Amino acid sequence: MRRVDRSLVSAPAVLVGDKSRGGKELAKATVFFEAQARAEAAAATTGAPAAAPKTRKKKENSFEFSAYSDEAVKYALDKLFFGKCAYCESRYANQAPVDVEHYRPKGRIAGVANHPGYWWLAMVWDNLLPSCIDCNRRRWQDLPQFPESLAQLLVAPEMQGGKASLGKQDLFPIAGAARATAAVPGIDEQPDLINPCVDDPEEHLVFHIDRGDPLGLVLPAFEDDVPSRRGLTSIHVYGLNRLGLVQERTRILRKLDFLSRLIDEIGKISEMLLASRDQKNKTMGARLDLLLNQILDEIRAMAEPDQPYSSLVKAWSKTLKTN
């Protein structure tokens, strides 16, 4: 996960203003949910079951939003995130069409009774993120075999090398009980999930970099020997250590380690040739220096924001400078 400056791409016109498609849909949703709230309040007073507000939607007790998934919204998110999942940095086009994900769920919230979800944010640009289906949809995923030193931190013993239900879907855990509602939207919530457009993921997540045994795990950052709560929660909810993702990051790490060894060997040979008195050797040494720079450029390119897993490459590059 990498920090993304949301101001680089403007909100799509389809979501802006009362007369936009999103604005009109929000007005209808407001009528729907206010009627639902009145019916529930009346039922609580009389003890009778609440009648669902009239709606033409298929599901009587829910409102089906659609403006947020307009092609203009998908295009804007694709441009802002370079076609990558906001959470795992995979190119979602490689596996399936993008899921336009609501950071704060627009519908129900898993494990929270009597909360209709953050429906008033369903068309708000700042609440929308692009996600691959594996980070967004709750599904059973294979887990890798974690190193013994990390297994207790990252997974329960019975899940080691097994399966787990991963993916955000309608999960939105917070610290404390102060959860925003339509009636009190300005409450100061404390989300346990990282939002890459609001938070700096590097404050909560780090990569497991081991030159001797590359393994593409993401770990919670530690402060005073205490793991980041938000980092750990985000790893579990988004499924950032599912098997396929760990395998792909491990492949990247192995490629980087190979390029690093290549740089070292070419550098040594080039140094010897350049020190020679033979002009041909000097010329060959200069050509090897050019090759060396091309390899370094390749590594720098892999760390650019538009590349998959760029935050992993950036973290690896920092260890290269210190070793």
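**From an enclosed cavity to the chain as a whole**

Twelve residues line the largest cavity, and Leu143, Leu154, Val155, His236 and Asn241 are the ones nearest its centre. The space inside this largest cavity amounts to about 80 Å³. Searching the whole structure yields three cavities of 30 Å³ or more. The model examined here is a predicted one.

The chain as a whole provides the setting for these cavities. Its secondary structure comprises eight helices and eight strands. The C-alpha trace spans about 100 × 45 × 35 Å along its principal axes. The chain has 323 residues, of which 46% count as buried. Where contacts link residues at least 6 apart in sequence, 70% of them join residues at least 24 apart.

The interior may be approached through its nonpolar core. The largest nonpolar core contains 79 residues, and within this core Phe65, Tyr87 and Leu240 touch the most other members. Helix 6, residues 243-275, supplies the largest share of this core, with nine residues. The surroundings of phenylalanine 65 can be listed in full: neighbours within four places in sequence aside, phenylalanine 65 is in contact with Glu25, Ala29, Phe33, Lys106, Trp119, Ala122 and Met123.

Helix 1, which covers residues 21-46, includes Glu25, Ala29 and Phe33, and these three residues are among those of the helix that are buried. The other buried residues of helix 1 are Gly22, Gly23, Phe32, Ala35, Gln36, Ala39 and Ala43. An α-helix has 3.6 residues a turn, so residues three or four places apart point the same way. With 26 residues, helix 1 extends 38 Å from its first C-alpha to its last, close to the 38 Å expected at 1.5 Å a residue.

Helix 1 also takes part in the largest pocket. This pocket encloses about 1100 Å³ of space. Its lining consists of 36 residues, and those closest to the centre are Lys106, Gly107, Arg108, Pro116 and Gly117. Two elements, helix 1 and strand 1 (99-102), give two or more residues to this lining. Helix 1 gives the most, with five residues. Lys106 thus appears in two places in this account, as a contact of phenylalanine 65 and as one of the lining residues closest to the centre of the pocket.

Attention now turns to the loops further along the chain. Between strand 7 (222-223) and strand 8 lies a loop that contains aspartate 225, and aspartate 224 is found in the loop between these two strands as well. Are these aspartates buried or exposed? Aspartate 225 counts as exposed because its relative accessible area is 73%, above the 50% cut-off. Aspartate 224 is likewise exposed, with a relative accessible area of 70%. Most residues other than glycine have a negative phi. Aspartate 224, although not a glycine, has a positive phi of about 55°. As for aspartate 225, its C-alpha atom is separated by 27 Å from that of leucine 245, 20 residues apart along the chain.

After strand 8 (226-227) comes another loop, between that strand and helix 5 (229-238), and serine 228 lies there. Serine 228 counts as buried because its relative accessibility is 11%, under the 20% limit. A polar atom of the serine 228 side chain lies 2.9 Å from the backbone nitrogen of glycine 231. With residues up to four places away in sequence not counted, serine 228 touches His204, Pro220 and Ala221.

Helix 7, residues 279-302, has 24 residues and reaches 35 Å from its first C-alpha to its last, close to the 34 Å expected at 1.5 Å a residue. Its N-terminal end is capped by aspartate 278, which places a side-chain oxygen 2.8 Å from the backbone nitrogen of lysine 280. The buried residues of helix 7 are Gly285, Leu288, Leu292, Ile295, Ile299 and Met302.

The loop between helix 7 and helix 8 (310-322) contains tyrosine 309. What is the phi of tyrosine 309 near? The value is near 60°, which is positive in a residue other than glycine. Tyrosine 309 is buried because its relative accessible area is 9%. The two residues with positive phi described here are therefore placed in opposite settings, aspartate 224 being exposed and tyrosine 309 buried.

Notes. Residues numbered from 1 in each chain as written. Heavy atoms only, no water. Helix = DSSP H or I, 4+ residues; strand = E, 2+ residues; numbered from the N terminus. Expected span 1.5 Å × (residues − 1). Buried < 20%, exposed > 50% of the residue type's maximum accessible area, 1.4 Å probe, protein only. Polar contact = N/O pair within 3.5 Å; in protein donor to acceptor, adjacent residues only side chain to side chain. Contact = heavy atoms within 4.5 Å. Core = buried A, V, L, I, M, F, W, Y, C linked by side-chain atoms within 4.5 Å. 1 Å grid on protein atoms, 1.4 Å probe; cavity = no way out; pocket = protein on both sides within 12 Å on 5 of 7 lines; lining within 4 Å. Points joined across faces, edges and corners; volume = space filled by probe spheres on them.
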